[in-house]
Amino acid sequence: MSAAPAAGAPGGQPAPKSEREAQATREAVQQYESHYPSLQIRGFGDVDFSATDTKGATSGFNMGEFDLHIASALSRKVSFFAEVTFNAQPTGYNLEVERSFVRYDYNDHFKLSFGRFHTPIGYWNTAFHHGTWLQTTVDRPFMFMDGGTFTPIHMVGFLAEGSIPSGGLGLGYNIGVGNGRGSLIERPGDAGDVNNNRAWVAKLFARPAKPYGLELGGSFYRDKITLPAGPEYREWIAAAYLTWTKGAPEFLSEFENVNHRSISTNQVANSDAFYTQFGYRLPWFERPLKPYYRFEYTHMPLSEQVFAYQPRAESIAGIRWDISNFAAFKLEYQHLGSHPAQGGNPAQPAENAGFVQTAFTF
Amino acid sequence: MRHFLKLSATILAAILLLCVPRGNFTLAQSSREADIAVVVNADTPVTDLSLSEVRKIFLGDRQYWTTKLPVVLVMRAPVTRERDVVLRVIYQMSETQYSQYWVAKIYRSEVTAAPKIVYSDDTQYELVTAMPGAIAAVDGRNVHPGVKVLRVDGMLPGDRGYPLR
């Protein structure tokens, strides 16, 4: 390997600049220098219309999540990130601190965060967070539904992450330790752990250099759950995913198994969920149109004691139209069926629904 | 009969028109001959990168040259040939996808800021010269003194098979 030239290549040399021009350039360069703290705020929002054939349900408009993301470099190696959401409720808006953590970057191989973050289980939970503009579809898969129970969406604790020297394989990792699920299992125990057992999560993923756009990975999560009524369970979550996110086509697929073992009775329940999503950015008119389809399947055994019994099979089909770089319309049809393997869930008859969403970032 | 022939010719012309490749006409097509050089601050401890490594840097996936030296990404503003080549060859994205990529990257807390955008060659060179760790893509025919030109896949601008053109 020979040394590359340290100066100009053959060809025209720049013309000498006047002192005034040089001063103007120096001033321009000074403006580009980093200043600390450097606060950046970006917002995400959406407005939705939904209609369903479910008896007793009403159609109409609703305000989606209003989401503010804050990023601030505190020094060259220390940064703060936060995400706050406002959710419309019948009596007003619920404010939730979704993420709030400080991160120290040692180098590309080791970055350490402390605070509340999205648990690195699978792909969706850390790829799309809460801004619906980022995701192709109107809503998240059931297994990653915000406020849902299947996946512990948030974690309070610390997270180490980085890349692993692996050449073209592009390996990376996340290892986190935190409070785990709270007594309300959809919440992460912000105010303290519900028991003396810390949860941990480990994720390994690869973003190979070739083919560019491919990502695959797997993760494990371990926790002890203490329900408000007293029973305790050991929880193991194993997840794997494969994604291709170049847009034409877009492919996302994830599988997750949640194992609960009762500490008192040793009874075991395994719940599984997966989704597969296809999208294709059409090649016309500067590619603003992306039709998509997603199939989701959730299996829950009758022996499941921690989750509410919600087996489901769901198909969605829709089209996303990016009307500008930072705003999109989505039109979506959803068919939700009861779980056929369970002989149908009488509490949840099949339903059809239509959604229109405009999602944007500002 | 004549009416039928006219109609057939019109339909045929319409089909041919639809079949013509309609990639965006860009500055890249207007001046294909110029290679784009990847330049770094002269103190950056690197002389040769593969295209995959250049891509990782421009994607913000590699953020440090060494533990003490962070990468500072510098990009030209839209509608320049340098940016056009970087988007087409390195990112393989349209302007829209590029904008959305960096919004998502910051939102995922993987970086705190998007690349620094510069509006002139002079500012770009001043930045790369003045800022340790800075990297930029410039016109390979007119590289200013004071910066280091990197080999990409072992090749310099002008070499046969150089990928950034």
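What is the mean pLDDT of chain B, and what share of its residues reach 70 or more? Colour chain B by confidence and you're looking at the answer: the mean is 84, and 80% of the residues reach 70 or more. Keep in mind as you click around that this is a predicted model. For the complex, the predictor gives an ipTM of 0.86 and a pTM of 0.86.

**Stop 1: a low-confidence stretch**

Still in chain B, select residues 14-31. The pLDDT here is below 50, and beyond near neighbours in sequence the stretch has nine contacts in the model.

**Stop 2: where the chains touch**

Now show both chains. On one side, 40 residues of chain A are in contact with 44 residues of chain B. Which elements of chain A should you light up? Those giving two or more residues to this side are helices H1 (19-32) and H2 (124-127), plus strands E1, E3, E4 (78-89) and E5 (92-107). Start with H1(A), because it gives the most, with five residues. Then colour chain A's side by class: you'll find 19 nonpolar, 15 polar and six charged residues.

**Stop 3: a helix in chain B**

Select residues 95-107 of chain B. This is helix H5, with 13 residues, and it reaches 18 Å from its first C-alpha to its last, close to the 18 Å expected at 1.5 Å a residue. Show the side chains of B:Tyr98, B:Gln100, B:Val103 and B:Tyr107, which are buried. What do the buried residues of H5(B) pack against? Part of the answer is in the other chain: strands E1 (38-52), E3 (66-73) and E17 (351-361) of chain A, together with helix H4 (81-91) of chain B. Just after H5(B), click on B:Ser109, which takes a positive phi of about 65°.

**Stop 4: the core of chain B**

Next, pick out B:Val38, B:Val39, B:Val74, B:Val128, B:Ala134, B:Ile135 and B:Ala136. They have the most contacts inside the largest nonpolar core, which has 34 residues. Several elements of chain B give two or more residues to this core, among them strand E1 (36-41), helix H3 (51-58) and helix H6 (121-130). Zoom in on B:Val39: leaving aside neighbours within four places in sequence, its contacts include B:Val128, B:Ala136, B:Val143 and B:Leu150. Another core, of 26 residues, lies apart from this one, and A:Ala71, A:Phe101, A:Phe150 and A:Val201 are among its members.

**Stop 5: a buried histidine**

Hop over to A:His154, in strand E7 (residues 154-164) of chain A. Is A:His154 buried or exposed? It's buried, because 24 other C-beta atoms lie within 10 Å, and 20 or more is enough to count. Leaving aside neighbours within four places in sequence, A:His154 is in contact with A:Arg116, A:His118, A:Thr119 and A:Pro188. Try a distance too: the C-alpha atoms of A:His154 and A:Ile121 are separated by 9.9 Å, though the two residues are 33 residues apart along the chain.

**Stop 6: strands side by side**

Add strand E8 (residues 171-178) of chain A. E7(A) and E8(A) run antiparallel and are joined by eight bridges. Look for A:Gly157 standing opposite A:Gly178 in E8(A). The hairpin has six residues between the strands, and A:Gly167 in this hairpin takes a positive phi near 60°.

Now bring in strand E9 (residues 199-206) of chain A, which pairs with E8(A) in the antiparallel sense over eight bridges. Here A:Leu171 stands opposite A:Ala206 in E9(A).

Last, turn E8(A) around to see both faces. A:Gly172, A:Asn174, A:Gly176 and A:Gly178 make up the covered face, while A:Leu171, A:Tyr173, A:Ile175 and A:Val177 make up the uncovered one.

Terms used:
Residues are numbered from 1 along each chain as its sequence is written. Chains are lettered from A and ligands numbered from 1 in the order in which they are written. Helices (H or I, at least four residues) and strands (E, at least two) are DSSP runs, numbered from the N terminus. The expected span of a helix is 1.5 Å times one less than its number of residues. A residue is buried if 20 or more other C-beta atoms lie within 10 Å of its own, exposed if 12 or fewer, and partly exposed in between; C-beta atoms are placed from the backbone. Two residues are in contact if their C-beta atoms, placed from the backbone, lie within 7 Å. Ala, Val, Leu, Ile, Met, Phe, Trp, Tyr, Cys and Pro count as nonpolar, Asp, Glu, Lys and Arg as charged, and the others, Gly among them, as polar. pLDDT is the predictor's confidence in each residue, from 0 to 100. Two strands pair if DSSP finds at least two bridges between them. A nonpolar core is a set of buried Ala, Val, Leu, Ile, Met, Phe, Trp, Tyr and Cys residues joined through C-beta atoms within 7 Å.
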